[in-house]
Amino acid sequence: MKVTQRVRKILSAYESDSPGTKANIARILMQGRLGGSGKVLILPVDQGVEHGPARSFAANPVGYDPHYHYKLAIDAGLSAYAAPLGFIEAGADSFAGTIPTILKCNSANSLSGNKDQGIYGSVGDALRLGCSAIGFTIYPGSEDQYEMIEEIRELSEEAKAVGLAVVVWSYPRGGNITTEGETAMDLCAYAAHLACQIGAHIIKVKPPTDAMYLDAAKKVYEAENIDVATLSARIAHVVQSCFNGRRLVVFSGGAAKDLDGVFDEVRAVRDGGGNGSIIGRNTFQRPREEALKMLDSIIKIYQGKL
Amino acid sequence: MKVTQRVRKILSAYESDSPGTKANIARILMQGRLGGSGKVLILPVDQGVEHGPARSFAANPVGYDPHYHYKLAIDAGLSAYAAPLGFIEAGADSFAGTIPTILKCNSANSLSGNKDQGIYGSVGDALRLGCSAIGFTIYPGSEDQYEMIEEIRELSEEAKAVGLAVVVWSYPRGGNITTEGETAMDLCAYAAHLACQIGAHIIKVKPPTDAMYLDAAKKVYEAENIDVATLSARIAHVVQSCFNGRRLVVFSGGAAKDLDGVFDEVRAVRDGGGNGSIIGRNTFQRPREEALKMLDSIIKIYQGKL
Amino acid sequence: MKVTQRVRKILSAYESDSPGTKANIARILMQGRLGGSGKVLILPVDQGVEHGPARSFAANPVGYDPHYHYKLAIDAGLSAYAAPLGFIEAGADSFAGTIPTILKCNSANSLSGNKDQGIYGSVGDALRLGCSAIGFTIYPGSEDQYEMIEEIRELSEEAKAVGLAVVVWSYPRGGNITTEGETAMDLCAYAAHLACQIGAHIIKVKPPTDAMYLDAAKKVYEAENIDVATLSARIAHVVQSCFNGRRLVVFSGGAAKDLDGVFDEVRAVRDGGGNGSIIGRNTFQRPREEALKMLDSIIKIYQGKL
Amino acid sequence: MKVTQRVRKILSAYESDSPGTKANIARILMQGRLGGSGKVLILPVDQGVEHGPARSFAANPVGYDPHYHYKLAIDAGLSAYAAPLGFIEAGADSFAGTIPTILKCNSANSLSGNKDQGIYGSVGDALRLGCSAIGFTIYPGSEDQYEMIEEIRELSEEAKAVGLAVVVWSYPRGGNITTEGETAMDLCAYAAHLACQIGAHIIKVKPPTDAMYLDAAKKVYEAENIDVATLSARIAHVVQSCFNGRRLVVFSGGAAKDLDGVFDEVRAVRDGGGNGSIIGRNTFQRPREEALKMLDSIIKIYQGKL
Amino acid sequence: MKVTQRVRKILSAYESDSPGTKANIARILMQGRLGGSGKVLILPVDQGVEHGPARSFAANPVGYDPHYHYKLAIDAGLSAYAAPLGFIEAGADSFAGTIPTILKCNSANSLSGNKDQGIYGSVGDALRLGCSAIGFTIYPGSEDQYEMIEEIRELSEEAKAVGLAVVVWSYPRGGNITTEGETAMDLCAYAAHLACQIGAHIIKVKPPTDAMYLDAAKKVYEAENIDVATLSARIAHVVQSCFNGRRLVVFSGGAAKDLDGVFDEVRAVRDGGGNGSIIGRNTFQRPREEALKMLDSIIKIYQGKL
């Protein structure tokens, strides 16, 4: 594949990374229907671990089968597929070389009382399974956040040494953070910036609301007249917080909503300069044909056709 | 031994595993009277560690002798024998090559206040003792669950690298989980799925009741009309939760009950498509002849003869 | 990229390899204009080390620049680019993610008296430089052949453990082997088989002549009426010697010759069922436009269009 | 499988070995139609490496395919299949758990001038490929013999630590040893004893002739009236030299000969108390049906039926 | 220091190297009176090891003191100081942070019969002594050349991993190479190219004469009309052979000669596009004032002032 100028420019911002790591970022950026555009659309399926199998797959029971998700991501022309160890192991051979994969190395589950996650994927696993990146969640604000940061630091250093990319899910959670705070503008930008600072190549955050969580931050946003009125303005602020666009930042699809809601959000990501979407539940819980249609629309939005 | 088509198909689902690991899974699947059928019957004897010797073996004092259990498993034509380090060490030479063994690497004991287990078996032990697999218990829901997950992750990566199989006992326990919750339908399926996702080859769970533990799950089971009315339906749901049958899942014998209760449960496992049973106390606490008779009946049930 | 059925079938023969290694073989097989066809065309540029810079690049001086070769391979739509450490280092970042690369880990040079090679690339280098495979030359028949075999064994085990592919150049040379013997039918088939047996995924040999080197072999070829009359028949015999087609075998372009000679040889590789060509000098020593035209013709031959 | 008393007794002689190693020896001894009898019949296919592909497989071209040999060994009901890395890799997954395999870790080739071998299989390979043993050739008498001994020592120590068995091919060769000497009674017994002393579990030697090589030995054989008149007497002497029967010793089929010659030799092995045969060329170079028939006869001879 | 555009461009050619390694190359390129110009002047003092102390230092006995050389390099405004372990250890503290140092890790001595060198400096030494680079000599053509290449490969991979630069002295020597051959045009270009290919950042060779060593090369130089008439033309050809100028190549002062001879040579290096000089004996064997004056002239030549 000929790497486009746009992708080449994105890669050049990862200036201290090895060619191996850049090649893996390039693989994700050049894959699928958005390949070369600088936008990505990623399918993450860690829902089974996080919420249990029935809550994840009962709505569309073919999703119990790990091959289903690989196929969905491939047939929809997505950029990458992200999943925990077991799901990757169960399809890595059948789909070897077909789509870049991201080994999600830690996960929470609904039975946990504390805001932490268990690690059950390694850099060695990522290599033997042919993954392009490792994925990791941190909870800025959690009582366990520093342990989480130290865990990803270790994995990340190891991953970079062998030419893998690092994707960080950064979700404010735990401590005193309210539910509103978890998606507040200031915390979302803060979480994105924090993930960049700990060395992530690709950052995933939730689309921010116009709520403010920290009083100290709120004052600055007001004093400096930072535009947070529209979602696209907020997205632009998150992009700015990611080293002024030198790091790729993608946005989750958020809570299940109607299609128009999803599409509007994607348009805002596009207009705000975000690098794409990472949408799980909203796709694999729909019947396959509906999911493919929805993903087709999202791709067209990123292509500026819708 | 000629590996049957049925077993060959089961093995093919472990698509990212080495031939060494597959050979060890094959050994368990081809062993004993159920060999080749895709069903397994495993004898686990970690009761001594978990509950102390008298509570475990006084009812049938020959069980104090580790050779007793090896012989019982062999004479009954079982698929494998699982036990902690000491019990395996005490018979591994006498019974070398006779029956696949699973080195249970961690155990709880009745003297512990927290829901965790101590690790006292290693991959190196498993190799020198000629075991086919390592076994490990996790307690989803426990305050220590993430540490347990991280422990098995490390053992598991090591085991896979040297061609061993990984068996995970996944028991919801600890945290706020009620006694009813420990065997609730949703938690049982969740625990099985979680074990698959952390990379287990064979998963052991308890037969689920029709109770529901998580409200969020309960809603989905009702909304999606998931059939949990009969034990066999619940077993089928657990099988589905294990990557739609791509991972072997076996069921414990549950609490001590009369023989008819045991047999009914086994029939439900069979009818629900479960891959077999792993029954400890219920066998070795009976006199040998009774135990052999009971195991013979269970085998016949799996063979469809009873 | 959607891996074609033909490529999927080729990959399935590497049955003991990890998904990571298969993904890297797939990358080579799916790249460029022959992508998906099961045929490959690889540009190797280790000439500078082997024969010195002037003998390699003076004929087409743009070739002194390492970027030239990357571009040539990409613009011609080739399957992969193979080169020593320095040449890969000098372009790995500029062309990250653009074309699969093979790090040639050892090389001879024209100043050496013995039939050995020096190693100056490692598996760690291959990972940090984003290579898909390591390459290594052995000289069956050389006094140093067993040391060379032991060197590649070590590199190969390491490469497979981290999901890389292994390409072996197998050239009978040294000992009592005559110049004629170096390309004799029996030695060429033997060298190819040997490379398969030491665990190579892709084997490179020279197109065999109809000469025979070992008397013992000659007798068998005659007694068994093995068809070695035409080059395509000889190619077919080499393919057979590579585990009856279970391993990919590619052929060097041989000594410099006119274009028709090159094309005839490629047709014979195609007709004999060989998996492709690996042509260095014959391409980069021509002016770029001529080289592109020649490579275009070779690709068309493999596509059955010429 | 229930290990027989006879096999149990054989295993007990390996008194310092781990249960893991014994289990692997047991697997070989309990496999196939001779399983449990204390006799073994092993198919070795390293001919392709040693003599080249055409000399090995042209007589029966299906043998170019590595799966052919696995199937032949399984269908004939043999005890184990021994081959170099490439051949094992090419079938290890398809035949996982079906027949014990021995990874031949070193090989010579016909192009070598010195009496040494190259190593290209490791203990790590044996584990990931699910092998029961590693195999290794030494050439007592060669200029390189001590290096070879030191190489197997290292591999052997490693193999024993992880529960594998060690099979040593011990062939007097090199130095001043004449062709007659290579199979002389005294050298054959010496080579077998040497292999036992360096820690082999199973020893392979050639059936000795009544020639004597070392004068010093000749004197003793005469002075002590050691019976070497018949092949079975010579076999008995080799068995005695293998720690008086405490180590398993098997005999190669020797140079291609007519069937009666093969059968007579096997009878002599049986009558002399040898533990079996390891026959390559003589089987896989015949058409499959003939080979199966020949192997059936050999098995019957070991069973005392022919 | 502000890195100049010229230096920035040179650094950009080291595209696969870490910022740490680039920073160390930059330190050398930005140091002293030539800092920023893209030219370097390096003082190497390994003469004591190579020829013994009296032959090295008796002419100017202050040179027995390691501090003398540090001071000379600093006072003359040079780019770096290269020396073996002992000399660096003896001044590294006094001059910490004053001038970039290159730890010469191997050396020959006059007592050796074979064309090899002993290694007595490590990457760890370079780090603890604050060096910017490791230095290493290879002898292309020597019987030991492949061992030397493998030694520097290992050191080089280690050095790059910790952000050090690698300087390779590449001298054709040994084997059949004649004294004339050691500085022949073709061998000098070959040696420079070889050093680039094994991954050196900075290459040191001797200024080539117009002699040709390899017949095969001679033909090409004649056929392609490669200009080797003047030293500056020959330097230009060496620069071209160093990846068309993508690697820094510096030239030794050659055999002791009068000042005008030295200056003419330096002018040729400058005019041919070489990156500078590395001059030992010719400086430290002169009285300090003379040496400073000579170095001042050389610097002025590189600055285009003389």
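Is E:His201 buried or exposed? In this predicted model, E:His201 is buried, because its relative accessible area is 1%, and buried here means under 20%. To find this histidine, look at chain E, in the loop that runs between α10 (185-197) and β8 (202-205). Its side chain makes a polar contact of 2.9 Å with the side chain of E:Asp17. Apart from neighbours within four places in sequence, the residues in contact with E:His201 include E:Tyr14, E:Thr21 and E:Ile25. Further along the chain, E:Lys160, E:Leu164, E:Ala165 and E:Val166 are also among its contacts, as are E:Arg247 and E:Leu248.

Now step back from that one residue to the way the chains are arranged. Two copies of a chain are related by a rotation about an axis and a shift along it. For chain A and chain B, the turn is 73 degrees and the shift along the axis is 0.9 Å, and the superposition has an RMSD of 0.1 Å. The two copies are therefore related as by a five-fold rotation axis. If you want a landmark in chain A, try A:Glu147: of the residues of that chain, its C-alpha comes closest to the rotation axis, at 10 Å.

What does the contact between these two chains look like? Chain A brings 45 residues to it and chain B brings 34 residues. About 3,200 Å² is buried between the two, and carbon and sulfur atoms give 58% of that area. On the side of chain A, the residues that lose the most area to chain B are A:Arg55, A:Tyr64 and A:Leu111, which together account for 22% of what that side buries.

The interface has a polar part too. Between chain A and chain B there are 21 residue pairs in polar contact, counting pairs with both residues at pLDDT 80 or more. Several elements of chain A each supply at least two residues to the side that touches chain B, among them the helices α3 (47-51), α4 (53-57) and α5 (66-75). The strand β5 (118-119) and the helix α7 (123-128) are also among these elements. Sorted by class, that side of chain A has 19 nonpolar, 17 polar and nine charged residues.

Side chains of opposite charge can pair when their charged atoms come close. Three salt bridges cross the interface of chain A and chain B. One to look at joins B:Arg246 to A:Asp65, with the closest N and O atoms 2.9 Å apart.

Over all chains, the structure holds 61 salt bridges, and some of them lie within a helix. In chain B, B:Arg267 pairs with B:Asp264, the closest N and O atoms being 3.0 Å apart. These two are three residues apart in helix α13 (residues 259-271), so about one helical turn separates them. B:Arg267 is partly exposed, at a relative accessible area of 26%, and B:Asp264 is partly exposed at 47%.

Chain D offers a pair in another setting. The side chains of D:Arg128 and D:Asp125 form a salt bridge, 3.1 Å from N to O. They are three residues apart in helix α7 (residues 123-128) of chain D, and thus separated by about one helical turn. Both D:Arg128 and D:Asp125 are buried. Salt bridges with shared partners also link A:Glu89, A:Asp125, A:Arg128, B:Arg153, B:Glu157 and B:Lys160 into one network.

Note on methods:
Residues are numbered from 1 along each chain as its sequence is written. Chains are lettered from A and ligands numbered from 1 in the order in which they are written. This is a predicted model: local features need pLDDT of at least 70, side-chain atom pairs count only at pLDDT 80 or more; totals for chains, interfaces and linings use all residues. Side-chain values use heavy atoms; hydrogens and water are left out. Copies are superposed by least squares on the C-alpha atoms of residues with pLDDT of at least 70 in both. Contact means heavy atoms within 4.5 Å. Buried area is the accessible area (1.4 Å probe) that two parts lose on being put together, summed over both. A salt bridge is a side-chain nitrogen of Lys or Arg within 4 Å of a carboxyl oxygen of Asp or Glu. A polar contact is a pair of N or O atoms within 3.5 Å; within protein, one must be able to donate a hydrogen and the other to accept it, and residues adjacent in sequence count only if both atoms are side-chain atoms. Helices (H or I, at least four residues) and strands (E, at least two) are DSSP runs, numbered from the N terminus. Ala, Val, Leu, Ile, Met, Phe, Trp, Tyr, Cys and Pro count as nonpolar, Asp, Glu, Lys and Arg as charged, and the others, Gly among them, as polar. Buried means under 20% relative accessible area, exposed over 50%, partly exposed in between (1.4 Å probe, protein chains only).
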